Amino acid sequence: MASNGRLSIFDLFYRWPAKMVLAQSKRRIHWFCISAAFIGAVLSTILPLPSLLLIVAASLCLLLIPLTPLATLVALLALAPLRALIATEAGIHLPLDIGQILLAFYLAHWLAFAVMKRQPLPGIRREPVLLSAVALCLVFAVGVWTSDAIGNWLTEWLKWVVIATMIWHLTQGARFNWRWLVFAVLVSAVANAVVGLYIFFGGSGANHLLILGRFFRAFGTFGQPNPFGGFMGIALPLALMCAAVQLSQIMLDLRAGRRVAPARLLLLAALASATGVIAAALFASWSRGAWLGFAASLIVMLVALPRRALKGISLALALAALFFVLWSAGLLPQSVVSRITTAATDLFSFSDVRGANFTPTNYAVIERLAHWQAAIGMAQDHPLFGVGLGNYAIRYEDYHLINWEAPLGHAHNLYLNFLAETGVVGLAAYVAFWLSIFRVTWKTLKHPDRAARALAVGLLGCWTYIAVHSVFDNLFVNNLFLHIGVLLAVLAILHRQIAASLELD
């Protein structure tokens with residue numbers, strides 16, 4: 001609180017707004033929720049899902065005007081993934097996509113609070129996470145001179161500018177409430193997971209996504225199963241570690257003979273439910289890249305979880321051995337085993353897919369390999385700075401293989417995509433960026449707070465997941481970069497707390 005007794009902008013920003021509202025008028029909120037639920041039920045019977053979601057998004061934005069920017073951030077992360085759904089099915093042409101509109105609204109909301117409270121604009125600190133993001137933006141800016149389509153370059157470059165802006169913006173102020181930032185990401189993931197499970201059980205599945213004879217590959221609001229699985233894979237390590245730390249605290253209370261607070265039990269139930277829903281949606285995506293990415297992130301988290309590295313390595317080896325035994329004994333679901341083995345066989349059996357025979361079984365793998373070859377061709381002709389960020393689809397016509405004329409937007413391998421678009425320089429900068437993030441996250445494992453340390457382990461799982469799944473897809477789509485930017489900001493907050501504690505010591 002400020003010295004004059006008034007709340008500062010950062011006090012408002014990091015305080016959960018529902019407390020202030022509920023304290024003033026609980027009865028009004030009670031009747032409002034009942035009315036909103038009734039209206040929503042009526043509208044759901046007469047409106048298609050995309051239009052209903054758009055109306056809900058607009059209503060939430062209007063309701064959040066008198067609240068704090070943190071509440072607006074929750075709405076931003078929850079509704080931004082509607083971009084693909086609105087663009088393909090809503091039939092409404094917006095001047096900007098919903099993520100851009102809500103981001104502008106959020107920043108304007110925050111600025112309005114800052115002006116009303118007469119707070120100076122925050123400065124820039126020497127934070128390694130922020131500096132790494134800014135450096136990557138500067139390297140990617142070189143692509144403006146090598147791009148044929150400047151608009152495509154600008155669209156992709158601005159994603160990284162927004163990520164850097166989110167890191168800078170969310171790490172300001174005297175009070176850092178990183179818990180609510182994680183809460184915002186998990187709320188968004190659970191909302192999309194519910195949509196994905198609805199699709200999986202036949203809610204609105206497409207015939208070409210039919211699996212196991214009666215289910216449909218889940219794609220949430222992403223329009224495609226692989227990036228949807230990517231979102232679930234990024235959020236699942238966070239949900240898992242948040243639930244684990246609550247369970248650990250309850251066990252400590254029980255061992256010490258202390259009474260367990262009901263609120264803690266409710267929180268554990270909520271986090272366990274969120275973990276289960278996200279994990280089910282990850283499986284329902286039927287994405288092999290998502291499965292492999294989460295397996296890798298789980299192993300890394302097991303290594304990092306104990307304070308003794310040797311114990312962590314032992315846990316990871318034990319998990320790998322258990323999986324091998326289950327696989328060898330035929331105890332894993334045959335459909336999952338077949339899904340993994342066929343992909344591995346097809347992926348390593350082709351060195352050149354020109355003229356390769358494809359079937360419904362290996363079509364997706366050969367298509368991915370064809371785009372990898374096209375990306376390599378671009379990189380060979382433009383090795384240093386590439387064809388320009390965001391220009392893969394534009395230049396694909398000059399490099400595509402026979403039978404594979406559709407560019408699909410990217411190379412289905414983020415590393416090869418960066419190599420083609422930004423050359424060796426851009427790819428090296430991207431890899432260096434994530435190496436820096438991994439280094440900072442590993443340092444954050446020394447955080448004295450148990451919850452913060454558990455979250456750092458979860459973040460390590462998130463970065464591992466992104467690194468592995470990026471071999472098979474591009475996860476910076478459908479406004480998912482906003483969620484990644486928020487998680488990077490959480491890392492920066494935890495790292496700054498570590499640095500502050502060391503200075504005090």
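**Entry 1. L212**

I started at L212, which is partly exposed at 46% relative accessibility. The model I am reading is a predicted one. I placed L212 in the loop that runs between β1 (210–211) and β2 (215–216). I then looked up the backbone angle and found that phi of L212 is near 55 degrees, a positive value in a residue other than glycine. I noted the background: most residues other than glycine have a negative phi.

**Entry 2. N478**

I looked up N478 for its backbone angle as well. Its phi is near 55 degrees, again a positive value in a residue other than glycine. N478 lies in the loop between α19 and α20. Is N478 buried or exposed? I found 7% relative accessibility, so N478 counts as buried.

**Entry 3. D473**

I stayed in the loop between α19 (450–469) and α20 (480–504), where D473 is placed. D473 has a relative accessible area of 3% and is therefore buried. Which residues does D473 contact, once neighbours within four places in sequence are left aside? I listed N226, P227, R368, H410, H412, N413 and L414.

**Entry 4. The chain as a whole**

I stepped back to the totals. The protein chain has 20 helices and two strands. Of its 505 residues, 49% are buried. I also looked up how far along the chain the contacts reach. Among contacts with a separation of 6 or more, 74% are between residues 24 or more positions apart.

**Entry 5. L491**

I took L491 in helix α20 as a single case. L491 is at 0% relative accessibility and so counts as buried. Not counting residues up to four places away in sequence, L491 touches V129, I437, V440, T441, T444, L459 and W463. I also checked the pair L491 and I167, which are 324 residues apart along the chain. Their C-alpha atoms are separated by 9.1 Å.

**Entry 6. A87**

I went to A87, in helix α6 (residues 83–90). A87 counts as exposed because its relative accessibility is 64%, and the cut-off for exposed is over 50%. I looked up the spacing to I98, 11 residues away along the chain, and found 9.4 Å between the C-alpha atoms.

**Entry 7. α5 and α7**

I98 belongs to the α5 and α7 contact, so I turned to that pair of helices next. I kept in mind that two packed helices are described by the angle between their axes and the distance between the axes. The axes of α5 (residues 69–79) and α7 (residues 98–116) come within 9 Å and cross at roughly 175 degrees. That angle makes α5 roughly antiparallel to α7. From α5 I noted P69, T72, L73, A75, L76 and L79. They meet I98, G99, L102, L103, F105, Y106, H109, W110 and F113 in α7. By class, I recorded 12 nonpolar, three polar and no charged residues in the contact of α5 with α7.

**Entry 8. α10 and α12**

I looked up α10 (residues 178–200) against α12 (residues 262–284) and found axes that come within 9 Å and cross at roughly 50 degrees. That makes α10 oblique to α12. The crossing of α10 past α12 is left-handed. On the α10 side I listed L186, A189, V190, A193, V194, L197 and F200. These meet L271, A274, V277, I278, A280, A281 and A284 in α12. The contact of α10 with α12 has 14 nonpolar residues, with no polar and no charged ones.

**Entry 9. α11 and α12**

I then followed α12 to its contact with α11 (residues 225–255). How far apart are the axes of α11 and α12, and at what angle do the helices pack? I read 8 Å and about 150 degrees. The cut-off for roughly antiparallel is over 145 degrees, so α11 and α12 are roughly antiparallel to each other. α11 passes α12 in a left-handed crossing. The residues of the contact of α11 with α12 divide into 19 nonpolar, five polar and two charged.

**Entry 10. Cysteines**

I closed with the cysteines. How many disulfides are there, taking sulfur pairs within 2.5 Å? The count comes to zero. C462 is in no disulfide, and the nearest cysteine sulfur, that of C242, is 9.6 Å away. C462 counts as buried because its relative accessibility is 0%. I also looked up C137, which counts as buried at 7% relative accessibility.

Notes
Residues are numbered from 1 along each chain as its sequence is written. This is a predicted model: local features need pLDDT of at least 70, side-chain atom pairs count only at pLDDT 80 or more; totals for chains, interfaces and linings use all residues. Side-chain values use heavy atoms; hydrogens and water are left out. Axes are lines fitted to C-alpha atoms, for helices over the stretch in contact, and angles run from 0 to 180 degrees between N-to-C directions. Helices (H or I, at least four residues) and strands (E, at least two) are DSSP runs, numbered from the N terminus. Angles under 35 degrees count as roughly parallel, over 145 as roughly antiparallel, 65 to 115 as roughly perpendicular and the rest as oblique. A crossing is left-handed if the near helix is turned anticlockwise from the far one by less than a right angle, and right-handed if clockwise. Contact means heavy atoms within 4.5 Å. Ala, Val, Leu, Ile, Met, Phe, Trp, Tyr, Cys and Pro count as nonpolar, Asp, Glu, Lys and Arg as charged, and the others, Gly among them, as polar. A disulfide is a pair of cysteine sulfur atoms within 2.5 Å. Buried means under 20% relative accessible area, exposed over 50%, partly exposed in between (1.4 Å probe, protein chains only).
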